[in-house]
Amino acid sequence: QVQLVESGGGWVQPGGSIRVFCAVSGSNIRAMAWYRQAPGKQREFVASISITGDTSVQNDLRDRFTIARDNAKNAVHLQMNNLKPEDTALYYCNTYPPNTSAWGQGTQVTVSS
């Protein structure tokens, strides 16, 4: 059973940056992605990365967010820059497409003054 553990979230002021991390276990190397869910909103796709490092980022976020992976550590990172209050959400990692039985607890990112 795949295990996904997100970390690195926290409080950030608007315009600030933060990096969140995902540790993966119990799975072979697969395409991975970050998703997020804001209060009262549906979970949405943020960014994905293939096993070879090709990336895709949601159109509205691609100038501020970048995704990377460290296959040796079986980890996935999401770098978020120039954060806005609307980026406040619980951030999750998962495979791409997601394994619906493998959602972790996510890591909270709060952007406010």
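**An aromatic cluster, a four-stranded sheet and a nonpolar core**

Arginine 43 lies over the face of tyrosine 92, at 4.8 Å from the ring centre. In this predicted model, the charged end of arginine 43 also sits over the ring of tryptophan 103, 3.5 Å from the centre of that ring. These two rings are a good place to begin a tour of the aromatic residues. A search of the whole structure returns 4 aromatic pairs. In one of them, the rings of tyrosine 35 and tryptophan 103 have centres 5.2 Å apart and planes at 80 degrees, so the pair is edge-to-face. Distant parts of the chain are linked by this pair: tyrosine 35 belongs to strand E4, tryptophan 103 to the loop between E9 and E10, and the two positions lie 68 residues apart in the numbering.

How buried or exposed are the partners? Tyrosine 35 has a relative accessible area of 6% and is therefore buried, the cut-off being under 20%. Tryptophan 103, at 24% relative accessibility, counts as partly exposed. Tryptophan 103 also forms an edge-to-face pair with tyrosine 92, with 5.7 Å from centre to centre and 75 degrees between the planes. Here too the pair links distant parts of the chain, with tyrosine 92 in strand E9 and tryptophan 103 in the loop between E9 and E10, 11 residues apart. Tyrosine 92 is buried because its relative accessible area, 9%, falls under 20%. Taken together, Tyr35, Phe45, Tyr92, Tyr96 and Trp103 make up one aromatic cluster.

Attention now turns to the strands. Strands in a sheet pair through hydrogen bonds of the backbone, in either a parallel or an antiparallel manner. In this model, an open sheet is formed by 4 strands in the order E1-E3-E8-E7, with antiparallel pairing. Strand E1 (3–7) and E7 are the edge strands, each pairing on one side only. On average, and with direction ignored, neighbouring strands of this sheet are turned by 15 degrees against each other. Within the sheet, E3 and E8 pair in the antiparallel sense over 6 bridges, and arginine 19 stands opposite glutamine 79 in E8.

The packing of nonpolar residues comes next. In soluble globular proteins, nonpolar side chains tend to be buried together. The largest nonpolar core of the model has 26 residues, of which Leu4, Trp34, Phe65, Leu78, Met80 and Tyr91 touch the most other members. Two or more residues each come from strands E3 (18–25), E4 (32–37), E5 (44–49), E7 (65–70), E8 (75–80), E9 (89–95) and E10 (107–111). E3 gives the most to this core, with 4 residues. Leucine 78 offers a helpful view of the surroundings: with neighbours within four places in sequence left aside, its contacts are Ile18, Arg19, Val20, Trp34, Val46, Ala47, Phe65, Thr66, Ile67 and Tyr91.

A final stop is proline 14, found in the loop between strand E2 (10–12) and E3. Proline 14 counts as partly exposed, at 37% relative accessibility. Which residues does proline 14 touch, not counting residues up to four places away in sequence? These are Leu83, Pro85, Val111, Ser112 and Ser113. Proline 14 and glutamate 86 are 72 residues apart along the chain, and their C-alpha atoms are separated by 9.6 Å.

Definitions and conventions:
Residues numbered from 1 in each chain as written. Predicted model: local features only at pLDDT ≥ 70, side-chain atom pairs only at ≥ 80, totals over all residues. Heavy atoms only, no water. Core = buried A, V, L, I, M, F, W, Y, C linked by side-chain atoms within 4.5 Å. Buried < 20%, exposed > 50% of the residue type's maximum accessible area, 1.4 Å probe, protein only. Contact = heavy atoms within 4.5 Å. Pairing = 2+ DSSP bridges. Axes fitted to C-alpha atoms, helices over the stretch in contact; angles between N-to-C directions. Phe/Tyr/Trp six-rings, centres within 6.5 Å; stacked < 30°, edge-to-face > 60°. Lys NZ or Arg CZ within 6 Å of the ring centre and 35° of its normal.
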